[in-house]
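Let's take a stroll through this structure, helix by helix. Have the sequence to hand as we go.

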Amino acid sequence: FSTSHDDTLCDSLWALSYYTDGINQLISDVLDGYPEILPKLGECLSSTTKHILAPALRVFGNIATGTDEHTNRMLEIGVLPLIYDLLKPGNPRGGGNITKECCWLLSNITAGTHDQIQQVIDGGFLEPLVHHVKN
C-alpha cells in the first residue's frame with residue numbers, strides 16, 4: 001500500500017486488522033503471501049498521524065496474538081523501539097488510544113515465549129508501563 005493517501009492507507013490498515021483478527025491461518029496467509037507487509041507496517045509506526053498509528057498498532061497486536069513464529073517475525077523487523085518511542089511520556093504522537101494499543105500489543109508479546117518476554121524487558125518497557133499505570 002502507498003502512504004501517499006492517508007485516508008486510503010487508514011482504511012486499508014483497518015481492513016487488514018479485521019482480516020488478521022484471531023485466525024492464525026489468516027495471519028500466516030498475510031505474512032507468507034506478502035513478505036513486504038511487516039516492514040511497511042513498521043513504516044506506518046513512524047507516522048505523525050494518529051489515524052494511521054492506531055490501525056497499524058492493531059495489526060501488529062493481532063499478529064502477536066498468533067503463533068510464536070508470527071510474533072518472532074514481527075519482532076525481527078525491529079518493532080519494539082518504535083513502540084517504545086510511542087509510549088514515552090509527552091510524545092505528541094502517543095497518548096490516549098495510541099498508548100492503549102501499544103500496551104495491548106506488549107501484553108500480547110509478553111504472553112509468548114521466554115525470549116519474547118526478555119526482549120520486552122531488555123527494551124526498557126518497565127518504566128514507561130509503570131508510568132502509564134500510575135498516571
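Is H4 mostly covered or mostly uncovered? Mostly covered: 12 of its 15 residues are buried. Keep in mind that this is a predicted model. H4 runs over residues 50-64, and its length checks out: at 1.5 Å a residue it should span 21 Å, and its end C-alpha atoms are indeed 21 Å apart. The buried residues of H4 include Ile52, Leu53, Val59, Phe60 and Ile63, with Pro55, Gly61 and Asn62 also among them. And what does the covering? Among the elements that cover the buried residues of H4 are H1 (6-19), H2 (24-33), H3 (37-44), H5 (68-76), H6 (79-87) and H7 (96-109).

Now hop over to H2, where the buried residues are Ile27, Ser28, Val30 and Leu31. Looking down the axis of H2, you'd find these buried residues within an arc of 165°, so they line one face of the helix. The general rule behind such patterns is that an α-helix has 3.6 residues a turn, so residues three or four places apart point the same way. On the face of H2 turned away from the buried side sit the exposed residues Gln25 and Asp32. The cover over the buried residues of H2 includes H1, H3, H4 and H5.

Last stop: Leu75, which sits in helix H5. Leu75 counts as buried because its relative accessibility is 10%, and the cut-off for buried is under 20%. Setting aside neighbours within four places in sequence, Leu75 is in contact with Leu80, Ile109, Gln116 and Gln119. Take Gln116: Leu75 and Gln116 are 41 residues apart in sequence, yet their C-alpha atoms are 8.2 Å apart in space.

Key: Residues numbered from 1 in each chain as written. Predicted model: local features only at pLDDT ≥ 70, side-chain atom pairs only at ≥ 80, totals over all residues. Heavy atoms only, no water. Helix = DSSP H or I, 4+ residues; strand = E, 2+ residues; numbered from the N terminus. Expected span 1.5 Å × (residues − 1). Buried < 20%, exposed > 50% of the residue type's maximum accessible area, 1.4 Å probe, protein only. Contact = heavy atoms within 4.5 Å. Arc of directions from axis to C-beta.
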